[in-house]
Structure formats: C-alpha cells, structure tokens
Amino acid sequence: MKKSNKKKQEAFLDPHEWEEWVRQHAAKLLLFARQQTRSHQDAEDILQEAFLKLSQKLQEGSFEGSQEFWLGYIYTTLRRLAIDLGRRNDRRIRREEKSQTLDESHNQEEDPWFDTHAADEEMRKLLEEGLRLLPKKFSEIIVMKIWGERTFAEIGEVLGVSLNTAASRYRYGLQSLRKYFESHRRQGDL
Amino acid sequence: MPFSTSDSVLFRDLPQEGGGYELGEDDFSLVDFEKRLMQCSPQMPRAELMEICEDMPSYTLADKLSPSPLSDELLLTLQSYGVQAASGERNSPFFWNILPAAALIAILGIITALWWTGKTPLLKHADTMAHNERFTFGKLDGSQALRTGYAMPVQKVINTSPQGVIVPSDSSPSYCVRVDSVEKHAFFDEQGRLIEAERPQVNYIVVPLQVY
C-alpha cells in the first residue's frame with residue numbers, strides 16, 4: 001500500500017518541475033495575494049496554503065488537468081482563502097485596520113509590493129497606493145492581467161464573471177489608476 | 001521579472017475579448033500607461049517562504065505517515081512482566097485528526113512527569129486506576145493490587161527523534177517530533193508489597209511550521 005502511494009506521488013508531482021514552477025510564478029501570485037488581503041503576513045499565509053493545497057492535490061493524484069491549469073487553481077484558491085480569512089478574522093482585521101493607519105508608511109517601506117531595484121521609487125509607491133485605494137473588483141483584475149498575464153477569459157473564470165465584464169472592469173480600473181497618477185503628477189510627485 | 005509580451009495587454013486583448021470593441025484615442029494613451037505599469041516587477045517572496053513552498057513535494061501527508069510500532073523484543077519483554085501494550089489505535093485516521101491536541105496533552109504530560117521524577121510517589125485511591133486500562137496485568141494479581149492503592153505514574157523521556165514535516169488534517173505544515181518515554185507505575189498489594197510496572201510510551205509533538 002505504501003509502495004503504491006509512493007509511486008502515485010512520484011507520478012503526479014516531480015519535485016524539480018514543482019520547484020521551477022513555484023520560482024516562476026511566486027512573485028506574481030504573492031502580488032495577487034497582497035492585493036486580496038490586508039496585511040503582508042496574511043498574504044504570505046494564504047500563498048503558502050494555496051501552494052500546499054495544490055501540492056497535496058498533485059501528490060494525491062486528485063488534480064484534474066495539466067500544469068497549465070495550476071495557475072488558475074492557485075488564483076481561485078488564493079481568492080477563496082482571502083475571503084475565508086476575512087470572514088474568520090473579522091475582529092482581528094478591524095484591529096489591524098486601526099493600527100494600519102499608524103504603520104502604513106512603515107509597512108510600505110518594509111514590504112514593498114514591487115521590486116524596488118527595477119522600478120522608479122516614486123512610481124512604485126504611487127502604484128502600490130493606487131492599487132490599494134482602487135476598489136477591489138478593479139484592482140484584482142489589473143493585477144491578474146498586467147502582472148499575472150492572464151487572459152480576460154481566464155480572469156472571468158477565476159472571478160466568476162463574464163469575459164466582457166472582466167474586460168470593462170479592467171479598462172475602468174486602468175483609467176481610474178491613470179487619473180490617480182495624473183493628479184499626483186500635477187502635484188509634482190511624478 | 002521580465003515580461004515576454006512586448007505588445008500592450010490592452011491593445012492585444014481588448015478588441016478580441018471585449019466583443020468587437022474599437023480602440024479610441026483614450027485607449028492608446030491607456031496603452032502607454034499600461035506599458036509603464038508593466039515595467040514594475042512584483043517583489044519575490046522572502047527566501048524562507050520560497051524554501052518552504054519549493055520543498056512542499058517532500059512533505060509527508062499525515063494520513064500516509066504511520067508511526068513505528070513497538071518492537072517485537074520490547075513487546076515480549078513487556079509480556080514477560082505481564083503487561084500488554086495497547087495496540088492499533090495510532091494508525092486510525094482519528095488519531096491523526098486529534099494529533100495537534102494530543103501533542104499539547106503530551107507536552108503537558110511530559111512536563112508533569114518530569115516534575116514528578118525524583119519525588120516520592122503520591123499514593124492515590126485505587127478506584128481512579130480503573131479508568132487507566134491501557135494495559136492489563138497477567139502474572140501479577142491486579143485485582144489485589146488495585147484494591148489498596150497506586151502511586152502517580154512517573155514518566156521519563158528516553159529519546160526524541162525528529163520525524164520531518166507532516167501535514168495534519170488542518171492543512172498547516174508542521175514539524176513532527178517523536179518522543180519515546182517510559183511511564184513507571186507503582187502499586188501496593190494487600191500485603192503491602194510494592195509492585196512496579198513500566199510502560200513504554202510513544203508520543204508525537206507537532207509544532208506548526210513558522211515562516212516568520
């Protein structure tokens with residue numbers, strides 16, 4: 001019995017293939033997790049849990065579909081875990097919201113959403129701020145589309161909305177974000 | 001993180017996916033904006049988190065982990081003293097479901113036992129012993145022994161060994177440590193003779209894997 005389990009595990013999950021896949025997608029998935037949650041710690045928690053769920057499914061052989069479906073599964077799982085976490089820890093999150101106001105600047109400096117070396121520092125700060133301020137239904141599509149490189153059809157599937165809804169939300173969200181940038185440019189921030 | 005697509009996402013996908021939507025002047029300005037956003041690469045997770053996530057295929061699922069049974073030699077030794085070890089229950093799925101709670105109890109048990117080690121055994125009334133039916137007495141006259149009283153068991157940890165990372169049913173990966181200990185019971189029979197029995201125990205301590 002044990003031997004057959006081991007064979008099954010090897011057949012469904014190659015450690016090297018997994019490692020490579022995790023490295024390739026970890027950054028974009030963490031960004032999505034951050035956009036979905038209220039704190040950096042929560043984002044790391046749900047990312048770890050989502051990876052674990054996928055890894056378990058693959059080890060058990062209960063995941064249906066090839067590797068190209070892994071990403072869709074992780075996005076859906078991250079979103080569901082973030083919703084569950086929000087519901088479960090409502091009181092804790094309210095406390096965090098209170099302290100977040102005080103710690104916001106500190107957190108942004110310590111746990112930036114974007115790579116500080118690659119991006120212009122002012123641009124990075126504005127982008128993070130803009131994504132945080134944008135209603136979630138717009139920001140999640142922007143994150144999945146631009147940095148997650150998902151198609152509108154795939155995004156629609158994860159969010160449970162039509163392709164057209166996903167596309168129009170993306171456009172509206174992008175316009176709002178640009179307006180936010182423009183207002184700061186006028187103020188001389190950019 | 002470099003992006004392989006040189007074309008703007010909006011420019012590429014909206015006309016096809018947006019149901020025949022035609023691009024206007026505003027869209028072309030959005031395309032430029034999009035390109036600027038693409039230049040920002042998302043931050044990689046911390047090295048510790050990456051290591052945990054990359055190693056996940058090596059984790060053992062709790063329902064596939066079976067603890068080492070007591071060795072035949074040890075069982076024979078126990079039986080020669082008239083003690084029969086409890087069997088089988090650790091392989092059930094229920095055991096693994098209560099594993100985290102059991103671990104806490106085990107820790108408390110070990111702490112209590114260590115506290116008691118070296119102290120004079122406390123005598124208690126025999127009725128309480130009736131609930132402790134993990135082993136039975138064969139050669140010894142258990143009924144006689146139970147009638148008078150027994151001492152609180154004294155427990156001594158003899159070995160600890162790491163079992164690697166397991167994933168209990170609540171899906172949080174945890175380190176598992178096997179703790180081998182010996183529980184010593186002392187009884188007095190009606191003649192006032194001291195009867196001692198030792199019971200080897202295996203407990204598993206589960207410590208949630210922390211990434212912070």
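**Exercise 1. The largest cavity**

Which element supplies the largest share of the lining of the largest cavity? Identify this element in the predicted model and describe the cavity.

*Solution.* Begin with the search itself: over the whole structure, one cavity of 30 Å³ or more is found. The space in the largest cavity amounts to about 30 Å³. Next, list the lining, which consists of A:Ile46, A:Glu49, A:Leu81, A:Asp84, A:Leu85 and A:Arg88. Then assign the lining to secondary structure: at least two residues come from each of α3 and α4 of chain A. Finally, identify the main contributor: α4(A), with four residues, provides the largest share.

**Exercise 2. The setting of A:His40**

Determine where A:His40 is placed, whether A:His40 is buried or exposed, and which residues A:His40 contacts beyond its sequence neighbours.

*Solution.* First, locate the residue: A:His40 belongs to helix α3 of chain A, which covers residues 40-60. Second, apply the cut-off: a residue is buried when its relative accessible area is under 20%. A:His40 has 14% relative accessibility and therefore counts as buried. Third, set aside the neighbours within four places in sequence; the contacts of A:His40 are then with A:Arg34 and A:Asp111.

**Exercise 3. An aromatic pair between two helices**

Characterise the ring pair of A:Trp18 and A:Phe51 by its geometry, its position in the chain and the burial of its members.

*Solution.* Over all chains, the structure contains 11 aromatic pairs. In the pair of A:Trp18 and A:Phe51, the ring centres are 6.0 Å apart and the planes make an angle of 75°. Planes over 60 degrees apart count as edge-to-face, and the pair of A:Trp18 and A:Phe51 is accordingly edge-to-face. As to position, the pair joins distant parts of the chain, with A:Trp18 in helix α2 (residues 15-36) and A:Phe51 in helix α3 of chain A, 33 residues apart. As to burial, A:Trp18 has a relative accessible area of 0% and is therefore buried. A:Phe51, at 1% relative accessibility, is buried also.

**Exercise 4. An aromatic pair between a loop and a helix**

Carry out the corresponding analysis for A:Phe63 and A:Tyr73.

*Solution.* The rings of A:Phe63 and A:Tyr73 are edge-to-face, at 5.5 Å centre to centre and 90° between the planes. This pair links distant parts of the chain: A:Phe63 lies in the loop between α3 and α4 (70-88) of chain A, A:Tyr73 lies in helix α4 of chain A, and 10 residues separate them. With a relative accessible area of 13%, A:Phe63 is buried. A:Tyr73 counts as buried because its relative accessibility is 18%.

**Exercise 5. Further ring interactions**

Name the residues that ring pairs link into a cluster, and identify the residue that lies over the face of A:Phe152.

*Solution.* The cluster formed through ring pairs comprises A:Trp18, A:Trp21, A:Phe51 and A:Trp70. The face of A:Phe152 is covered by A:Lys145, which lies 4.0 Å from the ring centre.

**Exercise 6. An account of chain B**

Summarise chain B in terms of its elements, burial, contacts and surface.

*Solution.* Count the elements: chain B has seven helices and six strands. Read from the N terminus, their order is α-α-α-β-α-α-α-β-α-β-β-β-β. Of its 212 residues, 37% count as buried. For contacts in chain B between residues at least 6 apart in sequence, 64% join residues at least 24 apart. Lastly, the accessible surface of chain B is about 12000 Å², with 57% belonging to carbon and sulfur atoms.

Note on methods:
Residues numbered from 1 in each chain as written. Chains lettered and ligands numbered in written order. Predicted model: local features only at pLDDT ≥ 70, side-chain atom pairs only at ≥ 80, totals over all residues. Heavy atoms only, no water. Buried < 20%, exposed > 50% of the residue type's maximum accessible area, 1.4 Å probe, protein only. Contact = heavy atoms within 4.5 Å. Areas by Shrake-Rupley, 256 points an atom, 1.4 Å probe, with all protein chains shown as cover. Phe/Tyr/Trp six-rings, centres within 6.5 Å; stacked < 30°, edge-to-face > 60°. Lys NZ or Arg CZ within 6 Å of the ring centre and 35° of its normal. 1 Å grid on protein atoms, 1.4 Å probe; cavity = no way out; pocket = protein on both sides within 12 Å on 5 of 7 lines; lining within 4 Å. Points joined across faces, edges and corners; volume = space filled by probe spheres on them.
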